[in-house]
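Dear colleague,

Please find below the structure that I am handing over to you. I would be grateful if you kept it open while reading the notes that follow it.

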Amino acid sequence: MNIVIIAVGLLFILILTLVFRALRCVEKPGDTGVIPGLQVDSSGAAERLSGAIQIQTIGYDDISKTDFNAFLEFILYLEKSYPRVHQLMKREIINGYSLLFHWKGKSDNKKPALFCAHIDVVPVEPGTDSEWKYPPYSGSVSEGAVWGRGTQDIKVQVITLLEAAETMISQGLVPERDIYFAFGHDEETRRYDGADKIADHLKKKGVSFEYVLDEGGCVIDNAVAGINRPIAFIGIAEKGFVNIRLSVKGEGGHSSMPPAHTAAGLIARAVFRIESNPLPLTLTVPVLEMFKSLAPAMSFGNRLFLSNLWLFAPLFKKIFSKTASGAAFLRTTTAPTMLEGSGAPNVLPLNASAVVNARILHGDSSASLKTYLEKVISDSSVSIEMSQVYEPSKISPLDSFGMKAVKENIRALWRSAVISPYLVVGGTDARKYEDLTDSVYRFSPYRLDNSEMKQMHGTNEHISMENITDCVKFYMAMFMK
Ligand SMILES: [Zn+2]
């Protein structure tokens, strides 16, 4: 009898704890920034973005295909389009095609801020040109938007940063602190010639920043089921990246007398073993912080669940990892992408190989991943080589000056938005500036819905005039902080 009473009592305490935590899970109001009351030349900005889209600064993985003259043309186009910026700000061309601007601010006591974007765009998927409503490099200004490759990713950021500066300079306004713009030219191809070189240059100069703001998240409608408000996602960290090449040396020869396992067979087995043994699920700080911010905007049931992850974490991981996008937040992912064997059906391969692209979660590293794969593959004939290695980024603080400034100006532009830190599962140039500040954030100040999100790197990429205007306003407000 006593045991029953104790059990009921404990259960009662447990339920009280769960409910108490859920009730305490409420949104905390924050300060709202001030958008300078300057007139934004929205149609002019759209025209200039249109011109920028028409210059085909396409980055190809096979660098011999890249037309670097387009990048030179782009630099001249910016000079012509933003005369005041080029007159007043110091502009340096880094490594031929990347740009660094420096705008002197009012105060030498305040650390400068760095705003990043990139000039290169991804190619249009061959064969999909005809699916575009307006040709992908037309820069068509139609239906209240600018259309074309690079409108969302991320020429809009290059153009609106310069628009904001040009507008302020024309009014004789000076930013609070020194402002830098860094526009790399090889973000999409993950080379080391653009933002890396800008960062090296800044390091040599001894410049350090209050904060760095690059692309990453944005304001998204209907992003999370159960939240009927836009959500502004600010990337506070990004996963690491590595290409892993698995290879096996074979005997070659005719396929009429094959050994028990050909090199191709051994590679296939290794790939199968990797796919059958995904890395463990882990809840890291950026993902925990994301749900901490989103929970207060959810139903009581969800709040009860998410505010008690101390108890529900295993269940949460199980549910959330059911989708590919959810799993990407919770584990180091491994995606086999390229396979190669012999060149003919009846020839045994001398060499067989596979490429696995991995995105490394915080807590793992390229070295720990290699050890894991060796164990899983468990075949000494398979050699593992890693290239284009980026370890997971640092995790930026949630209470820094830069984070607060971004949040305040989000509130000023999108009053109803839920603001949430998050983990960038792709990659950006932002990580390259990690040695120059503790505060690196990834947020583009525009608002997209789910269908528009799919246009990034896809078909019919476009950006609305309203978004262009908001970007300019957001950056002006940032420069005044
Ligand atoms: Zn981008």
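I begin with a hairpin. In the hairpin of β1 and β2, three residues lie between the strands, and N95 takes a positive phi near 50 degrees. Please bear in mind throughout that this is a predicted model. Strand β1 covers residues 90–94 and strand β2 covers residues 98–103; the two pair in the antiparallel sense over five bridges. If you wish to follow one of these contacts by eye, take I93, whose bridge partner in β2 is L99.

Positive phi values also occur elsewhere in the chain, in two residues that are not glycine. For Q388, phi is near 50 degrees. This residue belongs to strand β12, which spans residues 383–390. Is Q388 buried, exposed or partly exposed? Its relative accessibility is 25%, and because buried means under 20% and exposed means over 50%, Q388 counts as partly exposed. The other residue is H457, with phi near 65 degrees. H457 is placed in the loop between α14 (450–453) and β15 (462–464). With a relative accessibility of 42%, H457 likewise counts as partly exposed.

The next topic is the metal site. Which residues coordinate the zinc ion? The donors are H118 through NE2, D153 through an OD atom, and E215 through two OE entries, at 1.9 to 2.6 Å. The spacing of these donor residues in sequence is H-x34-D-x61-E. Here D153, in helix α5, and E215, in strand β7 (residues 211–220), link distant parts of the chain, being 62 residues apart. D153 and E215 are both buried.

What is the geometry of the zinc site? Ideal angles for four tetrahedral donors at a metal are 109.5 degrees. In this model the angles among the four donor atoms of the zinc ion run from 53 to 148 degrees. Four donors count as tetrahedral if all angles lie between 85 and 135 degrees, and the zinc site is classed as irregular.

Finally, D153 deserves a second look, at the backbone this time. A cis peptide bond joins D153 to I154, with omega about -10 degrees. I154 is found in helix α5, which comprises residues 151–170. Thus D153 appears twice in these notes, as a donor to the zinc ion and as a partner in the cis peptide bond.

Yours faithfully,
A colleague

Note on methods: Residues numbered from 1 in each chain as written. Predicted model: local features only at pLDDT ≥ 70, side-chain atom pairs only at ≥ 80, totals over all residues. Heavy atoms only, no water. Helix = DSSP H or I, 4+ residues; strand = E, 2+ residues; numbered from the N terminus. Buried < 20%, exposed > 50% of the residue type's maximum accessible area, 1.4 Å probe, protein only. Pairing = 2+ DSSP bridges. Donors = N, O, S within 2.8 Å, 3.2 Å for Na, K, Ca; no water. Tetrahedral: all angles 85-135°; square planar, octahedral: opposite > 155°, others 65-115°.
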